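Okay, thanks everyone, let's get going. I'd like to walk you through one chain today, so have a look at the screen.

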Amino acid sequence: MLLTEFDEVAYREMLLEEGREEGMKKGRLSEIVSSVSAGDYSIERGAEKAGMTTDELQKYAKETLGIDLLT
């Protein structure tokens with residue numbers, strides 16, 4: 001039988017880091033959508049900043065934030 005050592009503290013820290021990264025990503029996308037919605041820059045520029053296509057950014061905005069960027 002092979003047993004591996006499990007480091008609970010390291011695992012917890014890894015999960016926290018992943019959560020922070022995900023939260024920062026969502027916050028950045030929310031800020032980009034807000035800026036596009038406010039007219040600070042175009043949907044094309046917002047998509048570029050987000051690393052998405054315009055369709056992907058529009059879908060994210062509508063499904064996640066309830067914002068239609070095309071109106």
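So, to kick off: what covers the buried residues of α2? Among the things in contact with them are α1 and α3, the latter being residues 54–65. By contact I mean heavy atoms within 4.5 Å, and buried means under 20% relative accessible area, with exposed being over 50% and partly exposed in between, using a 1.4 Å probe and protein chains only.

Quick housekeeping. This is a predicted model, where local features need pLDDT of at least 70 and side-chain atom pairs count only at pLDDT 80 or more, while totals for chains, interfaces and linings use all residues. Numbering runs from 1 along each chain as its sequence is written, and side-chain values use heavy atoms, with hydrogens and water left out.

Right, the overall layout. We've got 3 helices and 0 strands, those being DSSP runs numbered from the N terminus (H or I and at least four residues for a helix, E and at least two for a strand). Reading along the sequence, you get α-α-α. The radius of gyration is 18 Å, well over the 11 Å that the globule rule gives for 71 residues, so the chain is more spread out than a compact globule. For the record, that radius is over C-alpha atoms, and the rule is 2.2 Å times the number of residues to the power 0.38. The C-alpha trace spans about 60 × 20 × 20 Å along its principal axes.

How much of the chain is buried? Buried residues are 18% of the 71. The accessible surface is about 5600 Å², and carbon and sulfur atoms own 52% of that; it's Shrake-Rupley with a 1.4 Å probe, and for residues only the protein chains shown count as cover. As for contacts between residues at least 6 apart in sequence, 33% of them join residues at least 24 apart.

Back to α2, which is residues 43–50. Its buried residues include Ile 43, Gly 46 and Ala 47. They cover an arc of only 100° around the axis, which puts them on the same side of α2; the arc is taken from the directions from the helix axis to the C-beta atoms. Flip to the other side of α2 and you find Glu 44 and Glu 48 exposed. Then, just after α2, Gly 51 takes a positive phi of about 70°.

Glu 48 also has a partner. Its salt bridge is with Arg 45, and the closest N and O atoms are 2.8 Å apart. A salt bridge here is a side-chain nitrogen of Lys or Arg within 4 Å of a carboxyl oxygen of Asp or Glu. Arg 45 and Glu 48 sit 3 residues apart in α2, about one turn. Glu 48 has a relative accessible area of 56%, while Arg 45 is partly exposed at 37%.

How many salt bridges does the whole structure have? The search finds 4. Two of those I'd like to show are in α1. Glu 8 and Arg 12 pair up at 3.4 Å, N to O, and they're separated by about one helical turn because they are 4 residues apart in α1, residues 8–37. Both are partly exposed: Arg 12 at 44% relative accessibility, Glu 8 at 48%.

Further along, Glu 17 and Arg 20 meet at 3.1 Å, N to O. They lie 3 residues apart in α1, again about one turn. Glu 17 is partly exposed at 34%, and so is Arg 20, at 47%.

That's my tour, thanks!
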